[in-house]
Amino acid sequence: MLEYYGLGEKYELVKEWYDGYRFGETKIYCPLEKASLDTRDEIERLIAGESIWKAVNEELAYKDLYENLENVWGILFATGYLTQSGEAEGEMRRLKIPNREKENFYHGFLLGLLRIKEDWKVLSNKESGKGYADILIEIFSEKVGLVIEVKYAENGNLSAGCEEALAQVKRSEYTKQLYLDGMKRVIACGIACHIKDC
């Protein structure tokens with residue numbers, strides 16, 4: 001697939017990031033490769049802010065994840081990546097992604113995209129100023145730094161979410177570490193996401 005998109009030289013990088021998943025004796029690069037279309041649809045519905053009904057076995061251990069792909073729901077529920085919405089009906093639960101996890105999803109997605117640039121130093125939740133910036137980027141060849149703060153706009157107001165993110169960057173002095181590291185120009189970016197919009 002990488003060759004098809006003209007990215008064949010990125011094979012080792014992709015392998016490093018996504019290799020190592022196993023389901024039984026099958027080795028794959030991404031767990032979703034083995035997911036059915038229904039499971040993929042359920043994941044997309046969760047990301048879109050919807051909830052899904054799933055049987056949740058609360059007695060699972062991590063080793064049980066590999067026995068059956070359906071076990072993933074119990075693991076995600078037990079670890080807090082999914083939460084219950086409403087009342088349970090036996091083992092059946094209406095599951096959804098907690099709000100903070102939605103923000104973490106976008107944060108992780110951005111990290112994956114930004115780390116493709118080999119000459120960029122990309123740091124996540126790095127201490128800077130009076131707190132921890134979501135993402136700091138140092139481009140040494142150009143002496144340019146970027147601070148990216150991600151917010152989940154619960155009400156769908158992306159502009160207000162971006163303004164809130166930028167205000168946090170300024171208030172918490174997140175640009176400070178970049179200047180200390182020798183960056184001459186620093187750019188602050190506020191990114192707000194709501195469901196599938198950013």
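Start with how the chain folds back on itself: counting contacts between residues at least 6 apart in sequence, 53% join residues at least 24 apart. Keep in mind that this is a predicted model. Of the 198 residues in the protein chain, 33% are buried. About 12400 Å² is exposed, with carbon and sulfur atoms supplying 51% of that area.

How far can you lean on the coordinates? The mean pLDDT of the protein chain is 78, with 74% of its residues at 70 or more. Confidence varies from element to element: strand β1 (residues 21-23) has the lowest mean, 46, while helix α6 (residues 176-180) has the highest, 95. Where pLDDT is low, the predicted coordinates should not be read in detail.

Now for the architecture. The protein chain carries six helices and nine strands, and four of those strands make an open sheet with mixed pairing, running β6-β7-β8-β9. At its edges are β6 (121-128) and β9 (185-193); each has a single partner strand, so one side of each goes without a neighbour in the sheet. From one strand to the next, the twist averages 30°.

Take a look at the β9 end. The partner here is β8 (residues 144-152), and the two strands pair in the parallel sense over nine bridges. If you want a spot to zoom in on, try Val150, which sits opposite Ile191 in β9. Helix α5 (residues 158-171) packs on the sheet and touches both β8 and β9. The direction of α5 makes about 140° with that of β9.

Methods
Residues numbered from 1 in each chain as written. Predicted model: local features only at pLDDT ≥ 70, side-chain atom pairs only at ≥ 80, totals over all residues. Heavy atoms only, no water. pLDDT = per-residue confidence, 0-100. Helix = DSSP H or I, 4+ residues; strand = E, 2+ residues; numbered from the N terminus. Buried < 20%, exposed > 50% of the residue type's maximum accessible area, 1.4 Å probe, protein only. Contact = heavy atoms within 4.5 Å. Areas by Shrake-Rupley, 256 points an atom, 1.4 Å probe, with all protein chains shown as cover. Pairing = 2+ DSSP bridges. Axes fitted to C-alpha atoms, helices over the stretch in contact; angles between N-to-C directions.
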